[in-house]
Amino acid sequence: MRFSEFANKDVISVDDGVMLGQVHDLEFDEDYRIRILYVSARPCGIRRMLPWLFANEERMIRVDEIVRVGKDVLLVRTC
């Protein structure tokens with residue numbers, strides 16, 4: 001898969017139904033396969049207007065934690 005297929009998709013945990021955020025970066029292994037997805041929450045309110053003032057919480061999701069890839073959503077197992 002290409003980064004454009006993952007970019008800006010919502011990531012939702014199948015364990016508890018919580019939206020974890022959106023994919024904004026990928027990490028590759030030596031064979032150029034995707035290894036880790038970096039997910040962060042969408043900024044809202046004042047965080048959108050002044051993003052440099054607030055820390056951006058980022059999660060790392062391993063590829064083997066992905067349950068399903070949909071048109072607009074990635075379902076992941078987080079435990």
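This passage looks at a six-stranded sheet and at one residue within it, I36.

The structure is a predicted model, in which local features need pLDDT of at least 70 and side-chain atom pairs count only at pLDDT 80 or more, while totals for chains, interfaces and linings use all residues. Residues are numbered from 1 along each chain as its sequence is written, and side-chain values rest on heavy atoms, with hydrogens and water left out.

The sheet is open, and its six strands (DSSP runs of E, at least two residues, numbered from the N terminus) follow the order β4-β3-β2-β1-β6-β5 with mixed pairing. Two strands count as paired if DSSP finds at least two bridges between them. Strands β4 (58-62) and β5 stand at the edges with a single partner strand each, so one side of each has no neighbour in the sheet. On average, neighbouring strands are turned by 35° against each other, direction ignored (axes are lines fitted to C-alpha atoms).

At one edge, β5 (residues 66-69) pairs with β6 (residues 73-76) in the antiparallel sense over three bridges. These two strands form a hairpin with three residues between them, and R68 stands opposite L75 in β6.

Towards the other edge, β3 and β4 run antiparallel and are joined by five bridges; here V39 has R59 in β4 as its bridge partner. Residue I36 also belongs to β3 (residues 34-40). I36 is buried, with a relative accessible area of 7% (buried means under 20%, with a 1.4 Å probe and protein chains only). Leaving aside residues up to four places away in sequence, I36 touches D25, L26, E27, M60, I61 and V63, where contact means heavy atoms within 4.5 Å. The C-alpha atoms of I36 and I61 are separated by 5.6 Å, although the two residues are 25 residues apart along the chain.

Definitions and conventions. Helix = DSSP H or I, 4+ residues; strand = E, 2+ residues; numbered from the N terminus. Buried < 20%, exposed > 50% of the residue type's maximum accessible area, 1.4 Å probe, protein only. Axes fitted to C-alpha atoms, helices over the stretch in contact; angles between N-to-C directions.
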